[in-house]
Amino acid sequence: VGQTLQRLGLQARLQHADAAHPQAWWDGEPFDAVLLDAPCSGSGVGRRHPDIRWLRRPADIAALARQQDELLLALWPLVKPGGRLLYATCSWFHAEGQQRIDAFLQRPQAADAVRDPASPGHLSGLPDNGARMGELHPSSPSPSPPPGADGFYYALLHKRT
């Protein structure tokens, strides 16, 4: 990230710490933006890392979803009013994408959160993304993404002012 900022001539304060425990490092100054590149199953990059299919178990998805929920709840208070949080995973599974954001938005802690309607949600490079995504399910230990495609999830949340 630092190299990319430098290459583009941009500046940002980068914070490297345990995101689940901001009380240990946060100075209380709210952030304009937070990128939560959440730990996930990696199912979306199985084409480039085929060993993922054998390294993941069905129970991993539930454990990762709990960790993703914890991170969303821990980081949301750090976003200033009018700021935004970008939640991203490299997973095909709705349990690590849309379901996490849906659950977060139903919590009282997220009463001031609004999902950007332009957020892409689950993505792949294929024109039939919608049909393929419906075929994948987190109970399968070995997802079968379409050949040649990576899968990701992005949701941009805005904090009301």
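These are my notebook entries on strand pairing, the largest pocket and the salt bridges in this structure. I am working from a predicted model.

**Entry 1: strands**

I began with strand 1, residues 31–37. I found it joined to strand 2, residues 79–89, by six bridges. The two strands run parallel. I picked out Leu-36 and looked for its bridge partner in strand 2, which is Tyr-87.

Next I followed strand 2 to strand 5, residues 152–159. Six bridges pair them too, in the antiparallel sense. Here I noted Arg-84, which stands opposite His-158 in strand 5.

**Entry 2: the largest pocket**

I looked up the space in the largest pocket and got about 940 Å³. I counted 26 residues in its lining. Nearest the centre lie Arg-13, Leu-14, Ala-33, Val-34 and Leu-35.

Which element gives the largest share of the lining? Strand 1 does, with seven residues. Helix 3 (58–75) and strand 2 each supply at least two residues. I then sorted the lining by class: 19 nonpolar, three polar and four charged residues.

**Entry 3: salt bridges**

I searched the whole structure and found three salt bridges. Side chains of opposite charge can pair when their charged atoms come close.

I took Asp-27 and Arg-13 to start. Their closest N and O atoms are 3.9 Å apart. Both residues sit in the loop between helix 1 (2–8) and strand 1, 14 residues apart. Asp-27 counts as exposed, because its relative accessibility is 53% and the cut-off is over 50%. Arg-13, at 45%, is partly exposed. I had already met Arg-13 among the residues nearest the centre of the largest pocket.

I went on to Asp-32 and Lys-80. Their side chains meet at 2.5 Å, N to O. This salt bridge links strand 1, which holds Asp-32, to strand 2, which holds Lys-80, across 48 residues. I looked up both accessibilities. Asp-32 is partly exposed at 45%, and Lys-80 is partly exposed at 33%.

I ended with Asp-69 and Arg-100. The closest N and O atoms of this pair are 2.6 Å apart. Asp-69 belongs to helix 3 and Arg-100 to helix 4 (residues 98–105), with their positions 31 residues apart in the chain.

Are Asp-69 and Arg-100 buried or exposed? Asp-69 has a relative accessible area of 14%, so it falls under the 20% cut-off and is buried. Arg-100 is buried as well, at 12%.

How values were computed
Residues numbered from 1 in each chain as written. Predicted model: local features only at pLDDT ≥ 70, side-chain atom pairs only at ≥ 80, totals over all residues. Heavy atoms only, no water. Pairing = 2+ DSSP bridges. Helix = DSSP H or I, 4+ residues; strand = E, 2+ residues; numbered from the N terminus. 1 Å grid on protein atoms, 1.4 Å probe; cavity = no way out; pocket = protein on both sides within 12 Å on 5 of 7 lines; lining within 4 Å. Points joined across faces, edges and corners; volume = space filled by probe spheres on them. Nonpolar A, V, L, I, M, F, W, Y, C, P; charged D, E, K, R; others polar. Salt bridge = Lys/Arg side-chain N within 4 Å of Asp/Glu carboxyl O. Buried < 20%, exposed > 50% of the residue type's maximum accessible area, 1.4 Å probe, protein only.
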